[in-house]
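Dear colleague,

I am handing over the structure that we spoke about, with the sequence alongside it. Please have a look at it first, and then read on for what was found in it.

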Amino acid sequence: MPFAAGVGTDLIARVLGAGMAAELGQPVIVDNKPGVGTIIGSDFVAKSPPDGHPLLVATFAHAVNPSLQPKMPFKTATAFEPVSLIERSPNVLVVAPDRPFKTVKDIVAAA
């Protein structure tokens, strides 16, 4: 879990882990490794043996990190194999009301 305990993604992982444990007949441990915008936890899984035991709950940050971090410790496109979509949630872009930006195009132009 590349997030701190108690956040929404962690809660989803814990509910999913409990169901997996019941189905598999063995414990499923949610191991929180937060930090660097999910890179610490993702790096742990990327460098684990590819035996199907370490699973990563990846989020939007997982897809965006390579464009934000020039020196990733793993190659996102090849270090992981998708298993299942477990949840969807919207992303919202907001600005202070006193800013002149009214569209994404305005923000991109200012950048």
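The mean position of the 9 positive charges of the protein and that of its 9 negative charges are 11 Å apart. Please keep in mind throughout that this is a predicted model, and that every value below is computed from it.

As for the overall architecture, the protein has five helices and zero strands, so that from the N terminus on the order of elements reads α-α-α-α-α. The radius of gyration is 17 Å, well over the 13 Å that the globule rule gives for 111 residues, and the protein is therefore more spread out than a compact globule. Taken along the principal axes, the box that the C-alpha atoms fill is roughly 55 × 30 × 20 Å. Of the 111 residues, 18% count as buried, and the accessible surface comes to about 8,300 Å², with 62% of it belonging to carbon and sulfur atoms. Among the contacts with a separation of 6 or more, 54% are accounted for by residues 24 or more positions apart.

The part of the model that I would look at next is the surroundings of histidine 62, which has its place in helix α3, residues 60-68. Histidine 62 has a relative accessible area of 13%, and because the cut-off for buried is under 20%, this residue counts as buried. Which residues does histidine 62 touch, not counting those up to four places away in sequence? They are Thr38, Ser42, Leu56, Thr76 and Phe80, and several of these names come back below.

Thr38 is one of them, and its place is in the loop between α1 and α2. Threonine 38 is buried, with a relative accessible area of 3%, and its phi is near 85°, a positive value in a residue other than glycine. Valine 36 lies in the loop between α1 (8-24) and α2 (39-46), and it has a positive phi of about 50° although it is not a glycine. You may wish to view the backbone at these two positions for yourself.

Ser42, which histidine 62 also touches, is listed with Ile39, Gly41, Asp43 and Val45 as the buried residues of α2. The buried residues of α2 pack against α3, the helix in which histidine 62 has its place.

Turning to Thr76, this threonine lies in helix α4 and is buried, with a relative accessible area of 17%. Leaving aside neighbours within four places in sequence, threonine 76 is in contact with His62 and Pro66.

Phe80, another residue that histidine 62 touches, brings us to the aromatic rings. How many aromatic pairs does a search of the whole structure find? The search finds one. The rings of phenylalanine 74 and phenylalanine 80 have their centres 5.4 Å apart and their planes at 90°, so the pair is edge-to-face. Phenylalanine 74 counts as buried at 10% relative accessibility, and phenylalanine 80 counts as buried at 18%.

Two residues in loops make a contrast with those described so far. Are leucine 85 and histidine 53 buried or exposed? Leucine 85, which is found in the loop between α4 (76-79) and α5 (104-110), is exposed, with a relative accessible area of 57%. Histidine 53, which lies in the loop between α2 and α3, is exposed as well, with a relative accessible area of 61%, whereas histidine 62 is buried at 13%.

Each of these two exposed residues also has a distance on record. Leucine 85 and leucine 68 are 17 residues apart in sequence, and their C-alpha atoms are 24 Å apart in space. Histidine 53 and methionine 72 are 19 residues apart along the chain, and a distance of 23 Å separates their C-alpha atoms.

If you open the model with histidine 62 in view, its contacts with Thr38, Ser42, Leu56, Thr76 and Phe80 offer a convenient place to begin.

With best regards

Key:
Residues numbered from 1 in each chain as written. Predicted model: local features only at pLDDT ≥ 70, side-chain atom pairs only at ≥ 80, totals over all residues. Heavy atoms only, no water. Helix = DSSP H or I, 4+ residues; strand = E, 2+ residues; numbered from the N terminus. Rg over C-alpha atoms; globule rule 2.2 N^0.38 Å. Buried < 20%, exposed > 50% of the residue type's maximum accessible area, 1.4 Å probe, protein only. Contact = heavy atoms within 4.5 Å. Areas by Shrake-Rupley, 256 points an atom, 1.4 Å probe, with all protein chains shown as cover. Lys, Arg positive; Asp, Glu negative; His and termini not counted. Charge placed at Lys NZ, Arg CZ, Asp CG, Glu CD. Phe/Tyr/Trp six-rings, centres within 6.5 Å; stacked < 30°, edge-to-face > 60°.
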